[in-house]
Amino acid sequence: MFHNVRIPKENILNIAGDVTAEGKYSSSMKEVKERFSAALGSLSTGRIMITGISMTNLKLALAIAIRFSAARRQFGPTEDEEIPVLEYQTQQWRLLPYLAAAYALDYFSKSLFENFIEFFAGVLTKQRNQRQADFGREIHALSAASKPLTSWTAQQAAQECREACGGHGYLAMNRLGEIRNDNDPNCTYEGDNNVLLQQTSNYLMSWMNCIRDKAPFESPLGTINFLQDYHHILGWKFTAISVEDCMDSSVPLVAYKWLVCYLLQESDLKMNKEKQAGRSDFEAKNNCQVYYCRSLAIAFIEQAALQRYHDYTHDPSVPAALQPVLRNLSALYGLWSLSKHLAVLYQGGYASGEQPGKFIQDAILELCYRLKDDAVALVDVFAPSDFILNSPIGKASGELYKNMWGEILQGNKALNRASWWEEFCINKPVIGRLRSRL
Ligand SMILES: Cc1cc2nc3c(=O)[nH]c(=O)nc-3n(C[C@H](O)[C@H](O)[C@H](O)COP(=O)(O)OP(=O)(O)OC[C@H]3O[C@@H](n4cnc5c(N)ncnc54)[C@H](O)[C@@H]3O)c2cc1C
């Protein structure tokens, strides 16, 4: 549509470059890398916003499912006593890790937003230094993986929350279907999640030369600084000796540092192997995604989010009364996320024998148990008002059936007779009346 259409020069979007009256391109940023990072900065905006939107969806779905689970009674130890479904271990294990994820990832999402504002203030005030350029690359790498992590977490949580509400999860008025539908495109727009993760792994792989040369390096936000100890970290092993030992997020955090270094090593080896086999850069990169670069980017961003939430929950400024529950959330998020990488922890020799796997599983279940009595209070913290949540089974009062009945009665024409009532009940057609017309 724009072929051969002239657009006046005054309409140019020229924050990072310009065109002279003679048609020559110019930019105050001399370095190509610097211009590239300024351009990437704009793309990060949408991804950081989507990270926040996904968190909102996650919190809405959890508020509904956890309040429902605390009020809905089904079966029980005796004939005449039914217990809330949240008392079942399965229900706790299905929902509470997502509650922990909501706390950890929401903190990450908000802190990343603050980082972005700082970066963008630099763009607007036209800061032109190496730090600003490095800052742009780091923000880009983080936002390109935070969107996949949070949108997929919300997607899986919305489905789990829906099923966790049994049949009521499918009633349109309870909104879980709508929340799930609303969240789905977060996985696709502003860059398909799988494609975006390549941006993050490219960034991580770009540090391999420094790692190999043992040259010092760091990033403005410090998210890759631990890679300086790459060679040392690769020698680490799982050391916890009991379930209780695993109940702090420092345990999964240490394991994640190893996991990122290991996946970086494996991705680098695989890439070199592909190239040695005569594959082009394009082919080699495509063949290094599944089980390598893709896993690397996911492990890196989970580790980065956990690091921030771990630091926050272990900060002495957090009120002492809140520390136990927040630390339990941090440990649960860390262990539950890490448990999805158990095969790689064993494959790379970080874990061996049956104990590490069992300790992690038992610690997850114990943390779910310890958190279940606080679960309603924890969703009350972030749930919007009933009017905004707009879900009868998700109302703060927990009066499921009264709330649903009230909603049904308020439905348009809910108390009217059906339009076909008269014809069906009063003026019933006489049998055989239409025979002559057939
Ligand atoms: C609801 C909605 C609203 C949108 N709104 C806007 C808007 O307002 N403005 C706008 O400009 N755009 C908008 N989009 C477009 C959106 O940004 C793109 O759809 C999205 O970036 C994915 O690009 P694509 O559709 O070209 O997918 P494709 O690139 O065609 O991807 C198709 C599939 O191929 C895979 N694939 C592609 N490349 C690779 C690769 N290199 N390696 C491995 N796999 C690969 C992807 O993972 C994906 O599964 C919107 C999309 C949706 C769904």
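**Close-up views of a predicted model**

**View 1. Cys187 and its closest cysteine.** The sulfur of Cys187 lies 15 Å from that of Cys161, the closest cysteine sulfur, which is too far for a bond. The model shown here and in the other views is predicted. A disulfide is a covalent bond that joins the sulfur atoms of two cysteines. The pair would have to be within 2.5 Å to count as one. Cys187 is also buried, and its relative accessible area is 7%.

**View 2. Cys246, another cysteine without a partner.** The search, run over the whole structure, returns zero disulfides. Cys246 is likewise in no disulfide, as the nearest cysteine sulfur belongs to Cys368 and is 14 Å away. Cys246 is buried, with a relative accessible area of 0%.

**View 3. The residues around the ligand.** Pro185, Thr188, Tyr189, Glu190, Gly191, Asp192, Val195 and Gln198 are the residues around the ligand. By type, this shell divides into three nonpolar, three polar and two charged residues.

**View 4. Polar atoms facing the ligand.** Three residues of the shell are shown with their distances to ligand atoms. In Asp192, a polar side-chain atom is 2.6 Å from an oxygen atom of the ligand. Gly191 takes part through its backbone, where an N or O atom lies 3.4 Å from a ligand oxygen atom. The side chain of Gln198 has an N or O atom 3.3 Å from a nitrogen atom of the ligand. Taken alone, the ligand exposes 970 Å², and the protein buries 29% of that area.

**View 5. The largest cavity.** The count of cavities of 30 Å³ or more comes to one. The largest cavity holds about 110 Å³ of space. It is lined by 13 residues, and those closest to its centre are Met29, Ala38, Gln127, Arg128 and Gln132.

Conventions: Residues are numbered from 1 along each chain as its sequence is written. This is a predicted model: local features need pLDDT of at least 70, side-chain atom pairs count only at pLDDT 80 or more; totals for chains, interfaces and linings use all residues. Side-chain values use heavy atoms; hydrogens and water are left out. Buried means under 20% relative accessible area, exposed over 50%, partly exposed in between (1.4 Å probe, protein chains only). A residue is near a molecule or strand if one of its heavy atoms lies within 4 Å of it. A polar contact is a pair of N or O atoms within 3.5 Å; within protein, one must be able to donate a hydrogen and the other to accept it, and residues adjacent in sequence count only if both atoms are side-chain atoms. Accessible areas come from the Shrake-Rupley method with a 1.4 Å probe; for residues, only the protein chains shown count as cover. Ala, Val, Leu, Ile, Met, Phe, Trp, Tyr, Cys and Pro count as nonpolar, Asp, Glu, Lys and Arg as charged, and the others, Gly among them, as polar. On a 1 Å grid over the protein atoms alone, a cavity is a set of points where a 1.4 Å probe fits but cannot get out, and a pocket is an open set with protein on both sides within 12 Å along at least five of seven lines; lining residues have an atom within 4 Å of a point. Grid points are joined across faces, edges and corners, and a volume is the space filled by probe spheres set on the points.
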